[in-house]
Amino acid sequence: MNIKTDNIRLSYGSTEILKGLGVEIHDKEFVGIIGPNGSGKSTLLKCIYRVLKPDSGCVWLGDEELRSLPVKESARRVAVVAQHNYYNFDFSVREVVLMGRAPHKKALERDHAQDYRIVQECLETVGMAEFADRSFSTLSGGEQQRVILARALAQRTPCLVLDEPTNHLDITHQLQIMKIVRNLGVTVVSAIHDLNIAAAFCDRIYVMKNGQITAAGSPAEVLTSDMIARIYQVDAEITRDSRGNLHILFI
Ligand code: ADP
Ligand code: MG
């Protein structure tokens, strides 16, 4: 399923944060959004996962406008791994992942054996099966992040939105998460702060600055010394390793 935004604008008070953004993520494409802190990446993603409503412009999920879909239906199309996850109650890991099944249920419908099976599978996928009975709040930041990914996987959606999903993770788990997501074969749009991770995993990258898209293309087209100097004011050298993979060295 493809995701599209058409000329979306959003302001907080008199400050315009998104200045007419258009992005398109094709079916099963893995698209990264990069850009400095405060450029509007999370705000754009929140418009896509329906936490914020743009002042104008449209978001499309497949052939339908997001605002025309019942909330439950949009939750069957898009799952989210957001940046901060707080719970006021003490849920177990299994309970957190089970929440991902909610959009597939009627009001007050109980959890079925199939839901528990899906939860188990998703916990295994992220390597957290042995934590199922632990209290979510006692996990490390990285473990929590993997459980939140499992919850998103349990939603079984054709689209996944990720907001800097590898923050708090060591390099092993950064790569693990990105590989899991890459291999799902679903449409992915992800804010990514690490340019080398973006280079390694994205089919295409959008570069945001000051609420606008300033560049778009394949990692090789977008991740140039010029772009990095212009966007981040940092000197960088772009190299390829012995396998031909792109790497960015900051000088
Ligand atoms: P990014 O994810 O690229 O770091 P954000 O989308 O989080 O950027 O933020 C974009 C801009 O919007 C920032 O300048 C931020 O301070 C501002 N902003 C975000 N949320 C709010 C809010 N609730 N009220 C006012 N300004 C906000
Ligand atoms: Mg952000």
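Buried means under 20% relative accessible area, exposed over 50%, and partly exposed in between, with a 1.4 Å probe and protein chains only. This is a predicted model: local features need pLDDT of at least 70, side-chain atom pairs count only at pLDDT 80 or more, and totals for chains, interfaces and linings use all residues. Residues are numbered from 1 along each chain as its sequence is written, chains are lettered from A and ligands numbered from 1 in the order in which they are written, and side-chain values use heavy atoms, leaving out hydrogens and water.

**Exercise 1. Helix α1**

Task: List the buried residues of α1 and say how enclosed the helix is.

Solution:
- Step 1. Fix the element. Helices (H or I, at least four residues) and strands (E, at least two) are DSSP runs, numbered from the N terminus. Helix α1 covers residues 41-48.
- Step 2. List the buried residues. They are K41, T43, L44, L45, C47 and I48.
- Step 3. Conclude. Six of the eight residues of α1 are buried, so the rest of the structure largely encloses this helix.

**Exercise 2. The surroundings of ligand 1**

Task: Describe the shell of ligand 1, its polar contacts and its cover.

Solution:
- Step 1. Collect the shell. A residue is near a molecule or strand if one of its heavy atoms lies within 4 Å of it. Around ligand 1 stand Y12, I17, P36, N37, G38, S39, G40, K41, S42 and T43.
- Step 2. Find the main contributor. Helix α1 supplies the largest share of this shell, three residues.
- Step 3. Sort by character. Ala, Val, Leu, Ile, Met, Phe, Trp, Tyr, Cys and Pro count as nonpolar, Asp, Glu, Lys and Arg as charged, and the others, Gly among them, as polar. The shell then holds three nonpolar, six polar and one charged residue.
- Step 4. Look at the polar contacts. A polar contact is a pair of N or O atoms within 3.5 Å; within protein, one must be able to donate a hydrogen and the other to accept it, and residues adjacent in sequence count only if both atoms are side-chain atoms. A polar backbone atom of G38 is 2.7 Å from an oxygen atom of ligand 1. K41 places a polar side-chain atom 2.8 Å from a ligand oxygen atom. For S42, a side-chain N or O atom is 2.8 Å from an oxygen atom of ligand 1.
- Step 5. Give the cover. On its own, ligand 1 has 570 Å² of accessible area, and the protein covers 55% of it. Accessible areas come from the Shrake-Rupley method with a 1.4 Å probe; for residues, only the protein chains shown count as cover.

**Exercise 3. Two domains**

Task: State the domain bounds, the separation of the centres and the contact between the domains.

Solution:
- Step 1. Read the bounds. They come from an automatic or database domain assignment. Domain 1 is 1-77 + 159-219, and domain 2 is 84-156.
- Step 2. Take the centres over C-alpha atoms. They are 23 Å apart.
- Step 3. Count the contact residues. Contact means heavy atoms within 4.5 Å. Here 15 residues of domain 1 are in contact with 18 residues of domain 2.

**Exercise 4. Two loop residues**

Task: Place T166 and H104, and give their separation.

Solution:
- Step 1. Take T166. It sits in the loop between β7 (159-163) and α6 (171-183). At a relative accessible area of 6%, T166 is buried. Beyond four places in sequence, T166 touches Q145, Q174, I177, M178 and H193.
- Step 2. Take H104. It sits in the loop between α3 (93-98) and α4 (113-125). H104 is partly exposed, at 32% relative accessible area. Leaving aside neighbours within four places in sequence, H104 contacts R76, Q155 and R156.
- Step 3. Compare positions. H104 and T166 are 62 residues apart in sequence and 27 Å apart in space, C-alpha to C-alpha.

**Exercise 5. Positive phi**

Task: Say where R50 and E164 lie, and whether each is buried or partly exposed.

Solution:
- Step 1. Take R50. Its phi is positive, about 70°, although R50 is not a glycine. R50 follows α1, in the loop between α1 and β4 (56-61). R50 is partly exposed, with a relative accessible area of 29%.
- Step 2. Take E164. This residue, other than glycine, has a positive phi near 45°. E164 is in the loop between β7 and α6. At 9% relative accessibility, E164 counts as buried.
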